[in-house]
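Got the viewer open? Set the display to cartoon, colour by chain, and follow along.

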Amino acid sequence: MSEVFTKTMARNIFYGGTTFFFLLLLALTFDTMSVLPERDHRENITDQVILGKKVWEDNNCIGCHTLLGEGAYFAPELGNVYTRFGNSTDAIKGFIMSRPKDGIPGRRSMPQFNLSDEELSAVAEFLKWTSEVNTANWPPNIQG
Amino acid sequence: MSESVAQSAIAKEPLPGDLAIWFVIMAEMLVFGVFFIVYVFVRSNNVELFNEYQLELHRIGGVINTIALITSSYFVAMGVYAIRKGDVQRTGNMLLLALLMGAIFVGVKIWEYSHVFGAGIHLSTNTFYTFYISLTFFHFMHVILGMVILAVIYSFLRKGKYTAEAHMDIETGASYWHMVDLLWVVLFPLVYIIR
Amino acid sequence: MQYQSQSVAKLYFIAAIGLFLGQILFGTVIGAQYIWGDFLFPAIPFNVARMVHTNLLIVWLLFGFMGAAYYLIPEESETELFSPMLAILMFWIFLAAGAATILAYLLVPYATLAEITMNDLLPTMGREFLEQPTITKIGIVVVALSFLFNIGMTMLKGRKTVISMIMFLGLVGLAVFFLFSFVNPHNLIEDKFWWWWVVHLWVEGVWELIMGAMLAFVLIKTTGVDREIIEKWLYVIIAMSLITGLIGMGHHYYWIGTPEYWQWWGSIFSAMEPIPFFMMVLYTFNMVNQRRREHPNKVALLWAQGTAVMAFLGAGVWGFIHTLAPVNYYTHGTQVTAAHGHMAFYGAYVMIVLAMISYAMPLLRGRVANSNKAQVVEMWSFWLMTIAMVFITLFLTAAGVLQVWLQRYTDAPMGFMAVQDKLEIFYMMREIAGIIFLIGLGTYIYSFFVGGEEEATA
Amino acid sequence: MSQTRFSSSTKLTIIWVILISLTLSTAYIGYLELSGLYIVGFLLLTVTIKGQLIIDHYIGLKNVRGFWRLAMLGFVYVIPGIIFTGYYLSSV
């Protein structure tokens with residue numbers, strides 16, 4: 001029993017299958033984009049939140065932390081840090097400010113970034129906004 | 001001795017169509033199979049919800065579509081039969097009829113979707129609709145792809161590419177199209193009827 | 001080597017190996033920081049060392065891919081490279097830009113780097129794996145375009161084969177999807193959504209085309225199996241990769257604010273992602289069994305077979321372990337992810353580049369294969385690195401499982417840092433495995449300097 | 001190509017009539033909005049019969065031995081079987 005297996009057909013399947021599933025991906029992407037506003041509460045993205053995201057990026061926070069589970073796994077999850085810190089932006093600011101310049105002997109420590117008060121408030125607001133995104137109940141508990 | 005002759009007479013039939021399409025058919029059946037099983041599993045945790053919203057579906061449309069796809073499959077099978085006899089004209093007619101049936105399916109489905117989406121229902125409305133839309137839309141895309149394949153085959157046929165001896169593409173396309181039909185045969189009762 | 005211009009590949013391969021060494025050195029640094037939190041602090045904080053580790057990986061793999069393309073495209077097209085000069089020029093530009101970026105990471109605080117590279121004009125920095133200053137990203141695009149132009153023109157004037165087409169398609173996809181790195185909306189959720197269009201569509205999409213093409217090339221050359229057979233299986237395998245992988249992207253959209261239906265779509269399709277990797281194992285070993293010649297370069301074949309097996313284990317099996325949404329709910333963003341990432345990158349991409357280098361480098365140095373002695377040394381490095389990576393993965397998996405249990409699954413979950421202390425023993429063992437990996441890499445580099453009698457002359 | 005796969009086009013037509021009849025019976029059950037395990041069992045039985053007819057005669061795998069026919073038939077036996085089990089478990 002010798003099956004016929006041609007290169008032409010294999011090629012058609014590659015191009016056809018790829019196109020098919022890319023179109024499906026575009027359709028799902030389109031749907032996602034249309035329902036995202038209900039989930040991310042973008043109406044709450046203030047200038048302060050925007051600045052907060054910039055501070056977050058400019059200091060490469062993702063290099064140690066995870067944010068909604070993505071990033072490095074060296075330091076705690078921050079998607080829910082606002083709730084973990086008792087729904088307090090002041091607690092977040094206080095923590096960032098209090099990091100010792102030379103670290104803590106023998107332990108991991110967050111660097112001292114010398115942020116201005118405006119930047120501190122912004123990054124805290126950014127994390128507050130992030131904690132309010134509908135993430136399908138992730139993380140499983142307050143510890144992140 | 002006679003047994004082995006009989007064996008070879010029966011068992012020698014090769015797979016209809018190119019082996020490559022059979023990898024695709026297997027992969028597709030696997031994906032749909034898993035999707036169906038997941039549907040059943042999720043339904044068993046949300047029986048009330050599924051029973052309630054299932055009744056809102058348009059069953060008549062589903063029935064028309066089942067008949068359309070089965071009939072379409074019939075025409076394709078007749079087309080393969082005809083090309084084996086070398087009857088190119090008849091094969092072409094059968095493919096056109098099959099495409100017509102496919103078009104009926106697509107038309108009814110678009111009508112059905114226009115009602116569903118028109119009512120403001122979308123993928124995230126509830127778990128039932130997530131599955132109803134996911135399964136039927138994914139299948140719908142397969143119908144369209146199958147029609148594209150049949151249309152390409154038809155145009156090649158018209159160009160005189162196929163004969164009684166050489167018509168591998170027709171068998172390949174037919175096998176794919178029957179798979180699309182087969183999936184709908186399971187999908188229709190599962191999503192529209194069984195409760 | 002059949003065409004003079006293939007020799008530009010040599011530069012790319014040497015740079016790739018050099019940067020690989022840097023990547024592993026910094027890997028051992030961050031591995032140590034997991035154990036001794038204040039190691040090198042505040043001179044090289046973890047985030048900087050990790051950035052160097054991951055960015056060097058990406059850059060050296062890109063060097064490897066480009067070198068592979070410069071080697072295989074002329075040979076497949078049966079013509080000289082369109083412009084060897086352009087290839088050399090781009091090599092130095094890319095190397096300089098890469099080195100400058102890495103040095104800047106190490107020497108300047110990241111926020112200062114963002115400032116002096118005028119990140120505010122087009123903010124793209126500070127996102128995982130895309131930390132490069134915007135100006136570097138633009139440089140990467142320029143290099144990629146010149147590179148694609150160069151190999152595209154080469155293909156146009158020569159024979160078009162399936163392997164060269166797939167390679168080219170993969171590289172075009174790589175460049176196209178990199179453009180999404182310039183998409184950085186203010187809305188974090190949208191940012192994350194498009195970020196995956198670079199990261200996922202690279203490593204679980206177009207890179208698999210590049211990998212498939214390179215593997216097919218090495219197999220054709222070393223086994224002598226009919227090109228027709230290898231090419232049609234290549235098509236089927238990469239078709240499966242993309243069919244499963246495109247919607248498989250849904251497994252990244254479970255918990256980042258995207259709709260719940262991704263949990264179903266993502267789980268179902270990504271659960272199928274091991275299939276193409278499994279097919280790749282069958283295919284590689286089948287081709288080797290059907291081989292029509294005994295190629296003197298045995299170690300290249302070893303790397304090729306290793307690629308198939310380790311890619312299946314790392315990307316396939318370790319990916320599957322935590323890809324289903326109910327499992328991923330607990331494992332998302334833990335050391336389990338790190339375990340998968342390490343073995344998948346090593347198995348799928350590091351090993352294929354090393355297979356290509358292993359096959360091409362002797363030819364570029366004017367012989368069919370290295371001496372038996374050099375090959376034995378290289379095989380030692382293969383086993384050292386591969387086994388070390390297996391153990392790194394196992395230890396990280398163990399750490400991840402314990403982490404999930406203590407931090408996420410029990411009724412009285414512990415805090416992140418408290419859990420990390422409990423994982424120290426695994427981090428310690430991982431670091432030891434990492435140092436063995438480094439020794440393996442040292443052995444690998446040493447194998448280039450082992451002389452001995454040539455196995456056969458070109 | 002073997003000529004034995006389809007003895008006649010009449011057979012295809014007869015199968016079409018059976019398929020349509022089974023579909024209409026399914027539709028009638030849907031029209032009555034019936035439920036219950038026996039109904040589910042009957043509906044799934046029609047699925048399996050329809051599936052086997054399509055696989056054997058329309059696709060033409062009846063005389064193709066080996067993996068491919070078994071895999072396809074497996075689909076129309078196993079999937080309805082699992083569906084039935086799922087409905088059975090959720091109804092008790």
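How many residues does the contact take from chain C and from chain A? Select both chains: the contact takes 60 residues from chain C and 60 residues from chain A, with two residues in contact if their C-beta atoms, placed from the backbone, lie within 7 Å. Of the 4 pairs of chains that touch, A and C have the most contacts.

A word on ground rules: this is a predicted model, where local features need pLDDT of at least 70 and side-chain atom pairs count only at pLDDT 80 or more, while totals for chains, interfaces and linings use all residues. Residues are numbered from 1 along each chain as its sequence is written, and chains are lettered from A and ligands numbered from 1 in the order in which they are written.

**Chain C, the side facing A**

Stay on chain C and pick out its helices (DSSP runs of H or I, at least four residues, numbered from the N terminus). Those that each supply at least two residues to the side touching chain A include α2 (46-77), α7 (188-223), α8 (227-248) and α14 (372-409). The biggest giver is α8(C), with 11 residues. Colour that side by class and you get 34 nonpolar, 14 polar and 12 charged residues. Here Ala, Val, Leu, Ile, Met, Phe, Trp, Tyr, Cys and Pro count as nonpolar, Asp, Glu, Lys and Arg as charged, and the others, Gly among them, as polar.

**Along α7(C)**

Now isolate α7(C). Zoom to C:W202, where a kink of about 55° is centred; the bend is the angle between axes fitted to the seven residues ending there and the seven starting there. Bring the surroundings back and 32 of the helix's 36 residues are buried, meaning 20 or more other C-beta atoms lie within 10 Å of a residue's own. Step just past the end of α7(C) to find C:G224, which takes a positive phi of about 70°.

**Over to D and B**

Next, select chains B and D: 39 residues of chain D are in contact with 40 residues of chain B. On the D side, α1 (9-32), α2 (37-59) and α3 (67-91) each supply at least two residues. By class, that side has 23 nonpolar, 12 polar and 4 charged residues.

**What D doesn't touch**

Put chain A back beside chain D: the two do not touch, and their nearest C-alpha atoms are 9 Å apart. Chains C and D do not touch either, with nearest C-alpha atoms 16 Å apart.

Methods
Buried ≥ 20, exposed ≤ 12 C-beta atoms within 10 Å, placed from the backbone.
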